[in-house]
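Trainee: I would like to go through the ligand sites and see what each label rests on.
Mentor: Then ask about the labels one at a time.

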Amino acid sequence: MLAQILWLALLATVLVLLIIAPGLRRNYPYVWWCLLGYPATAVRVRVTWRRLTTNLGLAVAKRPGRALLGDLVVRGDPLKPVPPRLGAPKLRRGGLDVRVRLHPGQVPDHLLSAVEALTHAWRVHAVRLSSDELGFVTLSALAWDPLRAPIVPYQLKQRALRVVVGLLEDGRARMIDFRRAPHWLVVGATRSGKSTLIAALVKELAPQRVALFGIDLKGGMELPLFEDRLSALASTRAEAARLLAELVAETEARMQLCRSVGARSIWDLPGKLCKLPIVVIVDEVAELYLMATREDKAEVGEISTNLLRLSQLGAALGIHLVIAGQRVGSDLGPGVTALRAQLAGRICHRVSDSGTAEMALGDLNKDALAAAQRITLAEQGVAITADTDGQWRRARSIHVTPEQARRAARKYARLAPAWPGLHVDEPTEGVYL
Ligand SMILES: Nc1ncnc2c1ncn2[C@@H]1O[C@H](COP(=O)(O)OP(=O)(O)OP(=O)(O)O)[C@@H](O)[C@H]1O
Ligand SMILES: [Mg+2]
C-alpha cells in the first residue's frame with residue numbers, strides 16, 4: 001500500500017514537473033536545468049555514448065577484425081567495439097561535465113573532431129573539450145548560450161588594476177587584469193562592441209586609484225563620454241603625438257626613480273615614492289598610422305616609436321595600454337606587428353577581414369582564430385579573449401550604456417589626477433603623477 005502511494009506521489013511529481021517545464025525553462029533556467037534538463041541530458045549522454053563513438057570511429061575492438069579458422073583467415077568487422085570509458089556526468093551551473101578515459105593511441109584531438117556530433121546527439125548548445133590530465137579529457141556540455149544575456153558574478157574581490165568586464169562562456173567572470181597582461185589589443189568590425197567594452201572597463205576602473213588617458217581620433221565621439229575621469233584626452237593626431245611623448249618622458253622619469261632606489265618596478269617603490277598606475281586607451285588605432293602628406297610621415301613615425309616604447313617599458317613602470325581598432329594589420333606600418341607582440345591580452349570581436357583576426361589571435365592559437373570568425377553579426381559584444389595563460393575563451397562584455405559610463409566618470413571625476421602636460425606651452429620633463 002505504502003509503495004503504491006509512493007509510486008503515485010512520484011508519478012504526480014513528474015507530471016507536475018513536465019507541465020511546468022516550459023515556464024520554468026523560460027523564467028528560471030538554472031532551476032529547470034537542475035530538475036529536468038540535467039537528468040535528461042545525463043541519460044542521453046550515457047545511452048548514446050556507445051553508438052556515437054562507434055559511428056565516429058572512436059570505439060576500438062579489443063579483438064582484431066580477423067581470425068584464423070584452421071588455415072583460413074576470416075576477415076570481418078570487429079564484433080564488439082569498446083568505447084572510451086565514460087565517467088559519471090557531473091552537474092554544473094547551466095551544463096554538465098563528463099570525464100572520458102582515452103584508449104591507448106588516442107589523443108584529445110581525436111575527440112575534438114567529434115564535438116560537433118556530440119553537440120547534436122546530446123541536444124545541447126555546445127560541447128567544449130579540455131584535457132588537464134594525461135590520458136583523460138573532460139567534455140563540458142553547455143545547456144544554452146550563457147552569453148545571450150550575461151549575468152555577471154560580482155562576488156569576485158576587486159583588486160587594483162583587475163576589473164570584471166563581462167562573462168565567460170563557462171559562467172566565470174571575464175576580467176581584464178593589467179597585472180597579468182599589462183597591455184591589451186581589442187579588435188572588431190564596426191558595431192561589434194569595442195567601445196562598449198571600453199566603457200565597461202572605464203566604468204570599473206573609475207573608482208580605483210589609477211590615472212586614465214584617452215586618445216580618440218574618431219572625431220572624438222567615444223572617449224569624451226568619460227572626459228570627466230580622464231586626466232587628458234587627445235582628439236587630434238598632433239595632440240596624440242604630444243601626449244605619447246609626455247608619457248614616454250614620464251616612463252623615463254619613473255625608470256630613473258626606480259633605478260635610484262634600486263627598485264625593479266614601481267610596485268617595489270617605498271610608500272612615499274609610490275606612483276599612480278596609468279592606463280592609456282586608444283580608440284581606433286589605425287587613425288594614428290594614416291599618412292596623407294609627407295609631413296604626416298614624421299609624426300606617424302614618432303607616434304609609432306613612442307607607442308612601442310610605452311609597450312616595451314611600461315609594464316614594470318605601471319603604464320598600461322589598451323589599443324582598440326576596427327582593422328589592425330601589418331599594412332598600417334612596420335611598427336604595428338612589433339607593437340602587437342607586446343600586447344599580451346587579446347580581445348577579438350566579430351571582424352570583417354581575416355587579416356585583423358589573424359593579427360589578434362593568429363600568433364596564439366588557430367582554434368581561437370576559427371572561433372572568432374564564427375561570431376555572427378547579431379552577437380554584439382561577444383568576443384574571443386586570450387591572455388597570458390595561452391588559453392582562449394568566448395566571452396561577452398557587460399552592456400554598459402553611454403549614459404551609465406558618463407555617470408560613473410562624473411561620480412569619480414575627483415579621482416582624475418591633473419596632467420598639466422597637454423595644456424601647457426612648454427611641457428616640463430619629469431614625473432607628473
Ligand atoms: N555586450 C553587449 N551586449 C549587448 N549589446 C551590445 C554589447 N556590446 C555592444 N552592443 C551593442 O552594439 C552596439 C555597437 O557597439 P559599439 O559602439 O561598442 O561598437 P564598436 O565596435 O565600438 O563600433 P565602432 O567601430 O563603429 O565604434 C551598441 O550600441 C550596443 O547596442
Ligand atoms: Mg567604437
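Mentor: Start with the cut-off: a polar contact is a pair of N or O atoms within 3.5 Å. Keep in mind that this is a predicted model.

Trainee: What makes the pair between glutamine 380 and ligand 1 a polar contact?
Mentor: An N or O atom in the side chain of glutamine 380 is 3.2 Å from an oxygen atom of ligand 1. That value lies within 3.5 Å, so the pair is a polar contact. Glycine 193 meets the cut-off with a backbone N or O atom 3.0 Å from an oxygen atom of ligand 1. For serine 397, a polar backbone atom is 2.7 Å from a nitrogen atom of ligand 1. The protein buries 81% of the 640 Å² that ligand 1 exposes when taken alone.

Trainee: Which helix gives the most to the shell around ligand 1?
Mentor: Helix 5, with 3 residues. The shell divides into 10 polar, 5 charged and 1 nonpolar.

Trainee: How do you know that Ser195 and Glu222 are donors of the magnesium ion?
Mentor: Donors are N, O and S atoms within 2.8 Å of the metal. Ser195 (OG) and Glu222 (OE) lie 1.9 to 2.6 Å from the magnesium ion, so both count. Serine 195 is in helix 5, while glutamate 222 is in the loop between strand 13 and strand 14, 27 residues apart.

Trainee: Why is glutamate 222 called partly exposed?
Mentor: Its relative accessible area is 22%. Buried means under 20% and exposed over 50%, so glutamate 222 falls in between.

Note on methods: Residues are numbered from 1 along each chain as its sequence is written. Chains are lettered from A and ligands numbered from 1 in the order in which they are written. This is a predicted model: local features need pLDDT of at least 70, side-chain atom pairs count only at pLDDT 80 or more; totals for chains, interfaces and linings use all residues. Side-chain values use heavy atoms; hydrogens and water are left out. A polar contact is a pair of N or O atoms within 3.5 Å; within protein, one must be able to donate a hydrogen and the other to accept it, and residues adjacent in sequence count only if both atoms are side-chain atoms. Accessible areas come from the Shrake-Rupley method with a 1.4 Å probe; for residues, only the protein chains shown count as cover. Helices (H or I, at least four residues) and strands (E, at least two) are DSSP runs, numbered from the N terminus. Ala, Val, Leu, Ile, Met, Phe, Trp, Tyr, Cys and Pro count as nonpolar, Asp, Glu, Lys and Arg as charged, and the others, Gly among them, as polar. Donors are N, O and S atoms within 2.8 Å of the metal (3.2 Å for Na, K and Ca); water is not among the atoms, so sites may look incomplete. Buried means under 20% relative accessible area, exposed over 50%, partly exposed in between (1.4 Å probe, protein chains only).
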